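This report covers cysteines, one acidic residue and a sheet. The sequence and structure come first.

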Amino acid sequence: MNVLIINLTRFGDLIQTQPVITGFRSRGARVGLACLSNFASAATLLDGVDRVFPLNGAGLLAALDGDWRLAVRDVAAYRQEIFAAFTPDLTVNLTPSVASRLLAYDLTPASGRTAGFSVDEFGFNADTSSWAAFLQMAGANRGASPFNVCDLFRRAAGLDREGNSLALAAPAPEAQAQATELLPDCDHGYAALQLGASEDRRRWPVAHFIETARRLHERYGLTPVLLGTKGERALGERFAAGADFPHLNLMGATSLTGLAGVLTRCRLLLTNDTGTMHLAAGLGVPLCAVFLATAQPWDTGPYRAGNICLEPDMDCHPCEFGRECPNHEACRGAVTPEAMFRCAASLLDGTDPDPAPGARLWRTRTAPDGFMELAPLSGHDATDRAAWIAVQREHFRSFLDSVPGNGPTGTGARLGPAMRERLSKTLTTARDMLFLLRQQGMLLATNPRPQAKTKFLASWQRFQNILSSDNSLKVIALLWMFESQRNGEDLASLLGVAERHGALLDALLAEVAVSA
């Protein structure tokens, strides 16, 4: 069986494809990878890929801007190249963009199947499962997802427990040799520091990195190594201006494979939420990662047990995309150098860190269901946010798998009274509206009058609006919109969707009631 995986996103997302690759290899499949050409070299770090098919995304965009016929020609040639060498039986698209959906449709032969994100024959979105829909919708609603992206990738691809590991291939000998030249043997070793991030607001202050690195050097003798791109060199210059201890600056000095070699020679990594973090996790390098602004460790944290995630202990964290911060990005300074140092020292000493004011601390671990989860290190599992994430984890899996749930678990007992009351009110209102909707749907099936259809559509929209009014339930509203629209032309299927959502609302209400 040939499985072609499409991932046309950034370096970190490409690294997070490894569990999907491992999962299909465990089933005996051959795996091909379609990725952007500027990340093709990094594909050598993915263990189990038989063929790599680089796509010149920038060239295609340029062709579209000039003469769209040239873009069609190039895509046709790309398709012919893949089908000649690796005709896929299953095409797995993990990128929800329109371009990637169209490509997945084109790269699925008539005899093949598609998993993940695609389009139908009319060009409309055609996610192949509720997991795929959840992956896209939760990604746009921070704080909504209780699942790590790697687990969502696996489930969107159609895998179950297979592949729940981010174990990358070892860097090539030439990359390791380059790393040895850059980081010669020293008495106490190196500590890698990733100063940059995808956005400034998600970047921990350079001064905090300096203070943490100073303490690691004084206590353990570790030499800090600065990692990053050429575009981030200004951060390295600021570090050098404030550091009164030895350090090495390798920002912009390594390729992606060379970066992997350097990481394997470091005792640990201190980082923001970056592709470097995922690379280190895949290579087994212990790490402490800080998550700021829209970043949260529940969904984009390192996919390997034993690492430590830090986030600001602020009610507004994580913030929503597209909103200006009303607190002047105070979260960037909330996690102190003391907190980071305690976590780094605990990794080096093999202990649990002591809690530190201003920070929530979590250690990654593999749950009994095979999914990645976070174990509390600072007592923040008792917060409403953490409790609600736990409730969702308990019930969203069975909902997305379309299987019966296990009933109340008592997890909702950790929710505070105010949140219980709010959720109970909204869920009850939504459940009652859904009951009305189902009754109207059954009436419409027997007597399809225009007036009955109008009432049914009005109830559909009101149900959507009720769930959308509460940020804790917004992702369910988005799933309802996706699944109901996908089944909108078949009333019986639509009523089945309503029944599934009703079962989820009942399960969530039972959790709220248990905790009352």
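## Cysteines

A search of the whole structure, which is a predicted model, finds 0 disulfides. Cys331 is in no disulfide, and the nearest cysteine sulfur, that of Cys325, lies 6.2 Å away. Cys331 counts as buried, at 10% relative accessibility.

Cys343 has the sulfur of Cys288 as its closest cysteine sulfur, at 5.2 Å, which is too far for a bond. The cut-off for a disulfide is a pair of cysteine sulfur atoms within 2.5 Å. Cys343 is buried, with a relative accessible area of 0%.

## A buried glutamate

Glu232 sits in the loop between strand 7 (223-227) and helix 10 (233-242). What is the nearest side chain of opposite charge to Glu232? That side chain is Arg203, 7.7 Å away, and Glu232 has no salt bridge although it is buried. A salt bridge would need a side-chain nitrogen of Lys or Arg within 4 Å of a carboxyl oxygen of Asp or Glu.

Leaving aside residues up to four places away in sequence, Glu232 touches Gln194, Gly196, Ala197 and Met251.

## The sheet

Strand 7 also belongs to an open sheet of 8 strands, in the order 8-7-6-9-10-11-12-13 and with mixed pairing. Strand 8 (248-249) and strand 13 (372-376) stand at the edges; each has a single partner strand, so one side of each is left without a neighbour in the sheet.

Within the sheet, strand 11 (residues 308-312) pairs with strand 12 (residues 359-366) in the antiparallel sense, over 5 bridges. Glu311 stands opposite Arg360 in strand 12.

Notes. Residues are numbered from 1 along each chain as its sequence is written. This is a predicted model: local features need pLDDT of at least 70, side-chain atom pairs count only at pLDDT 80 or more; totals for chains, interfaces and linings use all residues. Side-chain values use heavy atoms; hydrogens and water are left out. Buried means under 20% relative accessible area, exposed over 50%, partly exposed in between (1.4 Å probe, protein chains only). Helices (H or I, at least four residues) and strands (E, at least two) are DSSP runs, numbered from the N terminus. Lys and Arg count as positive and Asp and Glu as negative; His and the chain ends are not counted. Contact means heavy atoms within 4.5 Å. Two strands pair if DSSP finds at least two bridges between them.
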